[in-house]
Amino acid sequence: MLAFRTVTYCTENEETPITVLTPHPLEAARLLGSDTATVMSDRLSAAQRLSDRFAAVCVLKGSGTVISAPGRIPMINASGNAALATAGTGDVLAGMIGSALAMPAGNFEQTVQRVAGAVHQHGRLADRWMQTKGAGHLTASMLAEQAL
């Protein structure tokens, strides 16, 4: 069973819906018919293969989250930390991506940049949490509250 989230969105200039996949490495491995070790050994390639296979923007979660899109060079997000490795934080990320895509439509490149911005903001919220709280368990609801 796969639990990754997808967000589908249409831009005003393109009739084809844009899908955003947000798998973690095990989910990515299952989608690729592979294993986690193979995904982790080349995260950039795994994310790009998912983007190309599903014609989707892919947000491969984990340390150095990778954002890829068909025909684009993958990006690596530098924000975030291990506090995000908890239940529900990926759902917060999917909501933040959905929120970013709910703004007035643009072209595909702008859409990819909005996804990357949401990923970065998600990571920054966790970084801020660690800076202000120092330690302690970050829950999804606490993370979502940080976004307000």
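This report walks through a predicted model of one protein chain, from its overall make-up to two helix pairs and three single residues.

## Overall make-up

Let us start with the whole chain. Its secondary structure comes to six helices and five strands. Read from the N terminus, the order of these elements is β-β-α-α-α-β-β-β-α-α-α.

The protein chain has 148 residues, and buried residues make up 43% of them. As for contacts with a separation of 6 or more, 50% of them come from residues 24 or more positions apart.

## Confidence in the model

The average pLDDT of the protein chain is 87, and 88% of the residues score at least 70. Residues 1-6 have a pLDDT below 50, and beyond near neighbours in sequence this stretch has 18 contacts in the model. Where pLDDT is low, the predicted coordinates should not be read in detail.

## Helices α1 and α3

Two packed helices are described by the angle between their axes and the distance between the axes. For helix α1 (residues 25-32) and helix α3 (residues 43-54), the axes come within 10 Å and cross at roughly 50°. The two helices are therefore oblique to each other, and the crossing of α1 and α3 is left-handed.

If you would like to find this contact in the structure, look on the α1 side for P25, A28, L31 and L32, which meet R43, A46, R49, L50, R53 and F54 in α3. By class, the residues of this contact divide into seven nonpolar, no polar and three charged.

## Helices α4 and α5

The second pair is made of helix α4 (residues 89-101) and helix α5 (residues 108-133), whose axes come within 9 Å and cross at roughly 140°. That angle makes α4 oblique to α5. Here the crossing is right-handed.

On the α4 side, the residues in the contact are T89, V92, L93, M96, I97, A100 and L101. Their partners in α5 are T111, R114, V115, A118, V119, Q121, H122 and L125. Sorted by class, the contact of α4 with α5 has 10 nonpolar, four polar and one charged residues.

## Three residues to look at

I76 sits in strand β5 (residues 75-76). With a relative accessible area of 56%, I76 is exposed. Leaving aside neighbours within four places in sequence, I76 is in contact with L44, G64 and T65. I76 and H120 are 44 residues apart along the chain, and their C-alpha atoms are separated by 9.6 Å.

A55 belongs to the loop between α3 and β3 (57-60). Its phi is near 50°, a positive value in a residue other than glycine. A55 is also exposed, at a relative accessible area of 56%. Further along the chain, G136 lies in the loop between α5 and α6 (140-147). G136 counts as exposed too, at 52% relative accessibility, because the cut-off for that class is over 50%. From G136 to A83 the C-alpha to C-alpha distance is 8.7 Å, with their places 53 residues apart in sequence.

Methods:
Residues are numbered from 1 along each chain as its sequence is written. This is a predicted model: local features need pLDDT of at least 70, side-chain atom pairs count only at pLDDT 80 or more; totals for chains, interfaces and linings use all residues. Side-chain values use heavy atoms; hydrogens and water are left out. Axes are lines fitted to C-alpha atoms, for helices over the stretch in contact, and angles run from 0 to 180 degrees between N-to-C directions. Helices (H or I, at least four residues) and strands (E, at least two) are DSSP runs, numbered from the N terminus. Angles under 35 degrees count as roughly parallel, over 145 as roughly antiparallel, 65 to 115 as roughly perpendicular and the rest as oblique. A crossing is left-handed if the near helix is turned anticlockwise from the far one by less than a right angle, and right-handed if clockwise. Contact means heavy atoms within 4.5 Å. Ala, Val, Leu, Ile, Met, Phe, Trp, Tyr, Cys and Pro count as nonpolar, Asp, Glu, Lys and Arg as charged, and the others, Gly among them, as polar. pLDDT is the predictor's confidence in each residue, from 0 to 100. Buried means under 20% relative accessible area, exposed over 50%, partly exposed in between (1.4 Å probe, protein chains only).
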